[in-house]
Amino acid sequence: MKGVLPAFAGHVPAAITRLTPNVTHSADWCGFPANCGSSTLLEQSDPLFAKIGARFVELASQAFGTDHIYNGDTFNEMVPSKSDPTYVADWGAAVYDAIRAGDPDGARHDFAEDFCRIESTALHS
């Protein structure tokens with residue numbers, strides 16, 4: 001069995017606006033009221049994203065050891081602020097780039113792909 005460490009997916013405290021205005025506030029998370037479910041995301045285009053993302057992976061690896069597999073799902077149970085496919089793809093690329101900056105041997109694991117593979121195998125056996 002191999003361990004999967006978290007990657008930086010962009011979720012930050014709202015106080016980060018003291019350092020950069022490049023944040024998005026999600027409308028809600030799973031239908032909770034804003035005071036309970038709003039999430040602040042550091043935009044993937046902000047240079048801080050790459051710095052924080054790389055350092056996050058470095059520290060997680062130091063603390064827990066690593067099998068070089070990471071998971072970072074920015075829009076888990078959330079709707080992206082823009083529906084443009086390029087915008088969403090840019091997020092995926094930024095998460096992956098931050099993983100590789102923090103761990104040159106790092107790979108991003110997508111649990112959805114595993115689920116689809118398992119479902120497909122079960123349906124066709």
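Two strands count as paired if DSSP finds at least two bridges between them. Helices (H or I, at least four residues) and strands (E, at least two) are DSSP runs, numbered from the N terminus. Everything below comes from a predicted model, where local features need pLDDT of at least 70, side-chain atom pairs count only at pLDDT 80 or more, and totals for chains, interfaces and linings use all residues. Residues are numbered from 1 along each chain as its sequence is written, and side-chain values use heavy atoms, with hydrogens and water left out.

**View 1. A three-stranded open sheet with parallel pairing.** Read across this sheet and the strand order is 1-5-6. Strand 1 (5-6) and strand 6 (107-108) sit at the edges with a single partner strand each, so one side of each has no neighbour in the sheet. Zoom in on strand 1 and strand 5 (residues 69-71): the two run parallel and are joined by two bridges. Leucine 5 has tyrosine 70, in strand 5, as its bridge partner.

**View 2. A three-stranded open sheet with antiparallel pairing.** Here the order is 2-4-3. The edge places go to strand 2 (11-12) and strand 3 (23-25); each has a single partner strand, so one side of each is left without a neighbour in the sheet. Strand 2 pairs with strand 4 (residues 40-42) in the antiparallel sense, again over two bridges. Look for histidine 11 and you'll find its bridge partner, leucine 41, in strand 4.

**View 3. Threonine 40 and its contacts.** Stay on strand 4, which holds threonine 40. This residue is buried, with a relative accessible area of 8% (buried means under 20% relative accessible area, exposed over 50%, partly exposed in between, with a 1.4 Å probe and protein chains only). Leaving aside residues up to four places away in sequence, threonine 40 touches Gly10, His11, Val12, Pro13, Ala14, Val23, Thr24 and His25. Contact here means heavy atoms within 4.5 Å.

**View 4. The one salt bridge found in a search of the whole structure.** A salt bridge is a side-chain nitrogen of Lys or Arg within 4 Å of a carboxyl oxygen of Asp or Glu. The side chains of arginine 55 and glutamate 58 make this one, at 3.1 Å from N to O. Side chains of opposite charge can pair when their charged atoms come close. Both residues are in helix 2 (residues 47-64), three residues apart, so about one helical turn separates them. Arginine 55 is partly exposed at 41% relative accessibility, and glutamate 58 is partly exposed at 27%.
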